[in-house]
Amino acid sequence: MSDDRAFSPSAQQNSPRYDRRDGEDRGERQGEREAILDLNQYKDTRIIVKFIGGRQIVGTLKGFDQLMNLVLDDVEETLRDVHDDTVLTEAKRQLGFVVVRCTSLLTIAPVDGTHEIPNPFLPPEHQQ
């Protein structure tokens with residue numbers, strides 16, 4: 001006969017790692033990582049956002065979260081060619097205030113240029 005108490009919610013709640021306020025296991029939160037890209041430096045500046053699927057917008061970054069969901073204002077979309085959706089045209093469409101889900105992002109870049117950052121995937125001893 002198996003012991004089902006180990007898998008029951010009440011057994012989990014009696015665990016010292018269980019946080020009753022939000023129902024999360026504190027052990028999972030201890031392994032949180034630092035964000036690879038610090039978007040605070042781009043707050044209130046114009047950024048270009050490219051999406052999976054080919055769409056592209058330019059807007060002012062107003063906010064973001066740890067998952068890289070973005071809040072943009074004064075957003076302008078660059079329209080694609082009607083015959084070839086891989087080609088961007090000169091035509092623009094005003095979108096205004098937009099919330100961008102992180103799952104649709106491909107690239108984020110400042111309008112006024114880019115700069116090189118250290119490779120976040122290399123161990124510290126291999127950084128230059």
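The accessible surface of the protein comes to about 10,100 Å², and 51% of that area belongs to carbon and sulfur atoms. These values, like those that follow, are computed from a predicted model. Of the 128 residues that make up the protein, 20% count as buried. Among contacts between residues at least 6 apart in sequence, 39% join residues that lie at least 24 apart.

The secondary structure consists of 2 helices and 7 strands, and when the elements are read from the N terminus on, they follow the pattern α-β-β-α-β-β-β-β-β. How are the strands of the open sheet ordered? There are 5 strands in this sheet, arranged as E6-E5-E4-E3-E7 with antiparallel pairing. Its edges are formed by strand E6 (88–100) and strand E7 (105–110), each of which pairs on one side only. On average, and with direction ignored, neighbouring strands of the sheet are turned by 25° against each other. As a general matter, the strands of a sheet pair through backbone hydrogen bonds, in either a parallel or an antiparallel manner.

Within this sheet, E4 and E5 run antiparallel and are joined by 7 bridges, and one example of the pairing is Gly63, whose bridge partner in E5 is Val71. Strand E4 spans residues 56–64 and includes Thr60, a residue that has a relative accessible area of 10% and is therefore buried, since the limit for that class is under 20%. With residues up to four places away in sequence left out, Thr60 touches Asp44, Thr45 and Arg46, and also Val71, Leu72, Asp73 and Asp74.

Two of the residues touched by Thr60, namely Asp44 and Asp74, deserve a closer look for their backbone angles. Asp44 is found in the loop between helix H2 (26–29) and strand E3 (46–51), and although Asp44 is not a glycine, it has a positive phi of about 65°. Asp74, by contrast with that loop position, has its place in strand E5 (residues 70–80), and its phi is near 55°, again a positive value in a residue other than glycine. Is Asp44 buried or exposed? With a relative accessible area of 53%, Asp44 is exposed, whereas Asp74, at 48% relative accessibility, counts as partly exposed.

The nonpolar residues offer another way into the structure. In soluble globular proteins, nonpolar side chains tend to be buried together. Here the largest nonpolar core has 13 residues, of which Ile47, Val49, Ile57, Leu61, Leu70, Leu72 and Val100 touch the most other members. The elements that give two or more residues to this core are E3, E4, E5 and E6. Leu61, one of the core residues named above, is in contact with Leu39, Tyr42, Lys43, Asp44, Thr45, Ile47, Leu70, Val71 and Leu72 when its neighbours within four places in sequence are set aside.

A last residue to consider is Phe97, which has its place in strand E6. At 57% relative accessibility, Phe97 counts as exposed, because that class begins over 50%. Leaving out residues up to four places away in sequence, Phe97 touches Val71, Leu72 and Asp73. The C-alpha atoms of Phe97 and Lys62 are separated by 9.6 Å, while the two residues are 35 residues apart along the chain.

Key:
Residues numbered from 1 in each chain as written. Predicted model: local features only at pLDDT ≥ 70, side-chain atom pairs only at ≥ 80, totals over all residues. Heavy atoms only, no water. Helix = DSSP H or I, 4+ residues; strand = E, 2+ residues; numbered from the N terminus. Buried < 20%, exposed > 50% of the residue type's maximum accessible area, 1.4 Å probe, protein only. Contact = heavy atoms within 4.5 Å. Areas by Shrake-Rupley, 256 points an atom, 1.4 Å probe, with all protein chains shown as cover. Pairing = 2+ DSSP bridges. Axes fitted to C-alpha atoms, helices over the stretch in contact; angles between N-to-C directions. Core = buried A, V, L, I, M, F, W, Y, C linked by side-chain atoms within 4.5 Å.
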